[in-house]
Amino acid sequence: MASIFQGVGAATSLDTKKFQLSSLRSVTGRKASCVVMRSGGAKMDGGSNQISGRADQLVTNAVATKADTPAASTASKPGHELLLFEALREGLEEEMERDARVCVMGEDVGHYGGSYKVTKGLAEKYGDLRVLDTPIAENSFTGMGIGAAMTGLRPIIEGMNMGFLLLAFNQISNNCGMLHYTSGGQFKIPVVIRGPGGVGRQLGAEHSQRLESYFQSIPGIQMVACSTPYNAKGLMKAAIRSDNPVILFEHVLLYNLKERIPDEEYVLNLEEAEMVRPGEHVTILTYSRMRYHVMQAAKTLVNKGYDPEVIDIRSLKPFDLYTIGNSIKKTHRVLIVEECMRTGGIGASLTAAITENFHDYLDAPIMCLSSQDVPTPYAGTLEEWTVVQPPQIVAAVEQLCR
């Protein structure tokens, strides 16, 4: 066991190797939206200045600039406050009310309300046929949901944990992603596959899976990752309305994140990244929980005289190369921060896409901070070492901008 963690100190070594992956087509002709979100993070312990270890202690009272400055207090903003899991439920409920074809299936999604209460109260309102409790058989109910989509329904399949959906990988790959093509366009598969994933708090290796890169390789599937209550609701509604199969990744540690969202209806673009913080010196690309580690690091970077531009890529497939490319043309430096595994992760695909499309605009090699290529330890201290922390982001930007 000790040999597994022997290299854990190199969790964020700045490997600048270019990954040879297929290029991804740029999304053009759109304007990038800018939505300012609240962000935070826990204070980290101090340590060494090496990127492979702990960087210097974060400055918690850093000055705020640009998108970091709140325009008004939360209480004075229009709208209503929701936790992220409540925003997902609100988006789901609105779509179920709008379209009778929308239904939900999965383990404990009915009267129990789901493991994280995303479907709480829906069974009482819409009945057991539209909110269907299933046996513990991911391959069976995922296949059933795909079949339901073929008949014209719009099912939402909940995986109690994204790691369990590996049991349904055949249905997702050979059926969900291919049936529209292999049927010659006779069938559409308007299905949403969603559930919690990511590294939690001592959930153990099997419950700490990051499967984004597994599903990214499947042709015919779109993937998005929510990070705030606002985009959770907007992406949920957009995914349900899409005629394509969509996998919506939710992070287990973000469900209790609170934010004020608009009272009026809104639907987000499934293929659009979000400009979280405009900047000039370096483009930081991230998604899901790492957005908050990046924004915590950004406060320290501002105090050190750096001006990072932070983009939540949100769309994991396809990448929003329009927004990403415009940022790179301005900053000429790229740092990718992800919780996915380093080998074959989202960062590897993103590195390849940037290299193929924007190589001439880069003044420095692309840096990618990823999780360790080891099963996630149960021990809290070891678990923390396997995931990118804010001090390491600070050190990486300092190295990039030398």
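# A tour from strand S3 to helix H12

Start by selecting Leu 132, which sits in strand S3. The model on screen is predicted. Leu 132 has a relative accessible area of 28%, so it counts as partly exposed. Now show what surrounds this residue: beyond its neighbours within four places in sequence, Leu 132 is in contact with Val 104, Met 105, Gly 106, Val 109 and Met 144. Pick Val 109 from that set and draw a C-alpha to C-alpha distance to Leu 132; the value is 6.9 Å, while the two residues are 23 apart in sequence.

**The neighbouring acidic patch**

Move along to Asp 133, also a residue of strand S3, which spans residues 131-133. Asp 133 is partly exposed, at 38% relative accessibility. Add Asp 108, Glu 124 and Asp 128 to the selection: together with Asp 133 they gather in a patch of negative charge on the surface.

Keep Asp 108 selected and check its backbone. Its phi is near 65°, a positive value in a residue that is not glycine. Asp 108 belongs to the loop between strand S2 (102-106) and helix H2 (122-126), and its relative accessible area of 36% makes it partly exposed.

**Two further backbone stops**

Go to Arg 314, another non-glycine residue with a positive phi, here about 55°. Arg 314 lies in the loop between strand S11 (308-312) and S12. Is this arginine buried or exposed? Arg 314 is buried, with a relative accessible area of 1%.

Then select Lys 317 and Pro 318. The peptide bond from Lys 317 to Pro 318 is cis, with omega near 0°. Pro 318 is in the loop that runs between strand S12 (315-317) and helix H9 (321-331).

**Salt bridges between H1 and H7**

Turn to charged pairs, of which the model has 22 that count as salt bridges. Select Glu 90 and Lys 233, whose side chains meet in one of these, at 2.7 Å from N to O. This pair links distant parts of the chain, with Glu 90 in helix H1 (residues 84-98) and Lys 233 in helix H7 (residues 229-241), 143 residues apart. Lys 233 is buried, at 0% relative accessibility.

Add Glu 95 and Lys 237. They form a salt bridge whose closest N and O atoms are 2.6 Å apart. Here too the pair links distant parts of the chain: Glu 95 is in helix H1 and Lys 237 is in helix H7, 142 residues apart. Glu 95 is buried at 0% relative accessibility, and Lys 237 is buried at 0% as well. To see the wider arrangement, select Glu 90, Glu 94, Glu 95, Arg 98, Lys 233, Lys 237, Arg 241 and Glu 265, which salt bridges with shared partners join into one network.

Next, select Asp 99 and Arg 101, whose side chains meet in a salt bridge at 2.9 Å, N to O. Asp 99 is buried at 10% relative accessibility, whereas Arg 101 is partly exposed at 39%.

**Helix H12 and the whole chain**

Select residues 390-400, helix H12. Of its 11 residues, 9 are buried, so the helix is largely enclosed by the rest of the structure. The buried residues include Pro 390, Gln 392, Val 397 and Leu 400. To view the cover over them, show elements including strand S10 (282-286), helix H8 (290-303), strand S13 (334-341) and strand S14 (367-371).

Finish with the whole chain, which has 12 helices and 14 strands. Of its 402 residues, 56% count as buried. The exposed area is about 16,300 Å², with carbon and sulfur atoms supplying 52% of it.

Methods. Residues are numbered from 1 along each chain as its sequence is written. This is a predicted model: local features need pLDDT of at least 70, side-chain atom pairs count only at pLDDT 80 or more; totals for chains, interfaces and linings use all residues. Side-chain values use heavy atoms; hydrogens and water are left out. Patches are made of residues with over 30% relative accessible area and no salt bridge: like charges are joined within 9 Å, nonpolar side chains (Val, Leu, Ile, Met, Phe, Trp, Tyr) within 5 Å. Accessible areas come from the Shrake-Rupley method with a 1.4 Å probe; for residues, only the protein chains shown count as cover. A salt bridge is a side-chain nitrogen of Lys or Arg within 4 Å of a carboxyl oxygen of Asp or Glu. Lys and Arg count as positive and Asp and Glu as negative; His and the chain ends are not counted. The place of a charge is taken as NZ of Lys, CZ of Arg, CG of Asp or CD of Glu. Helices (H or I, at least four residues) and strands (E, at least two) are DSSP runs, numbered from the N terminus. Buried means under 20% relative accessible area, exposed over 50%, partly exposed in between (1.4 Å probe, protein chains only). Contact means heavy atoms within 4.5 Å.
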